[in-house]
Amino acid sequence: MGLLSTRRAALAAVIGLGLATALPALAQDKPTIRFSDVTQADAPRSRAVSDIFAKEIEGDFTFEGYFGGTLMKQGTELVALQRGNLDMALLPPSDLADQFPGFSILSAAYLVRDAAHMKAIFESDVGDELRKLARDNLNVVILSPAYYGTRHVNLRGHKKISGPADLAGVKLRMPGGEAWQFLGESIGANPVPMDYAEVYTGLQTGAIDGQDNPLPNTQQMKFYEVTDQIVLTGHNVGFGLFLMRADLYDSLTPELQTKIRDAAAKAFEWSDAEYLRQEAELVEFMKKQGLEVYTPDVDAFRTYSNEKYLASPLSRNWPEGMLERINAL
């Protein structure tokens, strides 16, 4: 082999070595996204994240999903996002309201009417305003709303509940935070803060008299095993906000930002439909488990709740005119 050939062979070897060492580095350059949620991994909203969203973005990101509160305790996620200890989360508006009280409007009883109304809100100028409020005041980007189901009261015992007066003194588990606790008060109950993972034991031991959740949650967490009745109050349309910390979002190219948003929309279009399907079937399921399932005087609950909210300090924090704009949609 001549000198030129030797040099060419050496150069080829160097290039080959460089490519071999560069390829793992390139693979490691994909941003890692850490996501946390308190809901179990087999819930529709969790499957939407892990089976659809994560797969849609896997070519550009390394996605790490943590479910069932295994990474972050309920109520700590927003601060973790703001500190950069977490990249994405799926949080109810009431969690955002703990830092920016204006978001409590989205947790008000009987305001959001159903899944279609929720979607209309976020497709309107109201949604644009909410996204701006979240970014400007909380440093998070709202990628998509995610329907969880309509919340109903689930109780131990057989006391008939016809209106708010019948819930007086009833220890109703609600998540922590002012907006959640007031939601319990607004339907006449005595709200008790308790972590989601502790609710089954709380019901079993009598530490609480009941809980409120959409029927899919009540089934998944097996609350029907330790309760006796479901009162179809329909007092709150449960939904979350799929969030990304703003500094991470801003570091992405416009193409990747679009990819993230499109993946979120695709994921929660599926889970919204899945929750609606389950809700349509679960009344009969609960009856087969031996629970009484009935509809109270919903108008009485709505009237009582509206009066409570309008007289409360919470409503004074709502963005001006937003209540009327939501009702008009």
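**Exercise 1. Charges and overall build**

Task: Find how far apart the mean positions of the positive and negative charges of the chain are.

Solution. Take the 32 positive and 43 negative charges of the chain; their mean positions are 4 Å apart. Here Lys and Arg count as positive and Asp and Glu as negative, while His and the chain ends are not counted. Each charge is placed at NZ of Lys, CZ of Arg, CG of Asp or CD of Glu.

A word on the source. This is a predicted model, in which local features need pLDDT of at least 70 and side-chain atom pairs count only at pLDDT 80 or more, while totals for chains, interfaces and linings use all residues. Residues are numbered from 1 along each chain as its sequence is written, and side-chain values use heavy atoms, with hydrogens and water left out.

Next, the frame. Along the principal axes, the C-alpha atoms fill a box of roughly 100 × 45 × 30 Å. The chain has 14 helices and 9 strands. These are DSSP runs, numbered from the N terminus: helices are H or I with at least four residues, strands are E with at least two.

Now the surface. The chain exposes about 14800 Å², and carbon and sulfur atoms supply 52% of that. Such areas come from the Shrake-Rupley method with a 1.4 Å probe; for residues, only the protein chains shown count as cover. Of the 329 residues, 51% count as buried. Buried means under 20% relative accessible area, exposed over 50%, and partly exposed in between (1.4 Å probe, protein chains only).

Last, the contacts (heavy atoms within 4.5 Å). Among those with a separation of 6 or more, 76% join residues 24 or more positions apart.

**Exercise 2. The nonpolar cores**

Task: State which residues of the largest nonpolar core touch the most other members.

Solution. Start with the term. A nonpolar core is a set of buried Ala, Val, Leu, Ile, Met, Phe, Trp, Tyr and Cys residues joined through side-chain atoms within 4.5 Å. In soluble globular proteins, nonpolar side chains tend to be buried together.

The largest core has 57 residues, and F103 and L167 touch the most other members. A second, separate core has 29 residues, including F35, L143, A146 and M244.

Look at F103. Beyond four places in sequence, F103 touches P93, L96, A97, L130, L133, A134, L138, I142 and L241.

Then look at M244. M244 sits in strand β8 (residues 229-245). M244 counts as buried because its relative accessibility is 0%. Setting aside neighbours within four places in sequence, M244 contacts I33, D87, M88, V140, V141, L143, Y249, L252 and I260. M244 and L90 are 154 residues apart in sequence, yet 9.0 Å apart in space, C-alpha to C-alpha.

**Exercise 3. S186 and the helix before it**

Task: Place S186 and list its side-chain partners.

Solution. S186 lies in the loop between α7 (178-185) and β6 (190-193). Its relative accessibility is 0%, so S186 counts as buried.

Next, its partners. The S186 side chain reaches the backbone oxygen of L183 at 2.8 Å. The side chains of S186 and S305 share a polar contact of 3.4 Å. A polar contact is a pair of N or O atoms within 3.5 Å; within protein, one must be able to donate a hydrogen and the other to accept it, and residues adjacent in sequence count only if both atoms are side-chain atoms. Not counting residues up to four places away in sequence, S186 touches A109, Y304, S305, K308 and Y309.

Now α7 itself. Of its 8 residues, 6 are buried: A179, W180, Q181, F182, L183 and G184.

**Exercise 4. Q211 in its strand**

Task: Find which side chains make polar contacts with the side chain of Q211.

Solution. Q211 belongs to strand β7 (residues 210-214). Q211 counts as buried because its relative accessibility is 0%. Its side chain makes polar contacts with the side chains of N213 (2.7 Å) and T218 (3.1 Å).

**Exercise 5. Two positive phi values**

Task: Decide whether Y110 is buried or partly exposed, and do likewise for K222.

Solution. Y110 is in the loop between α4 (93-97) and α5 (115-122). Its phi is near 60°, a positive value in a residue other than glycine. Y110 has a relative accessible area of 13%, so Y110 is buried.

K222 is in the loop between α9 (215-220) and β8. Phi of K222 is also near 60°. At a relative accessible area of 39%, K222 is partly exposed.
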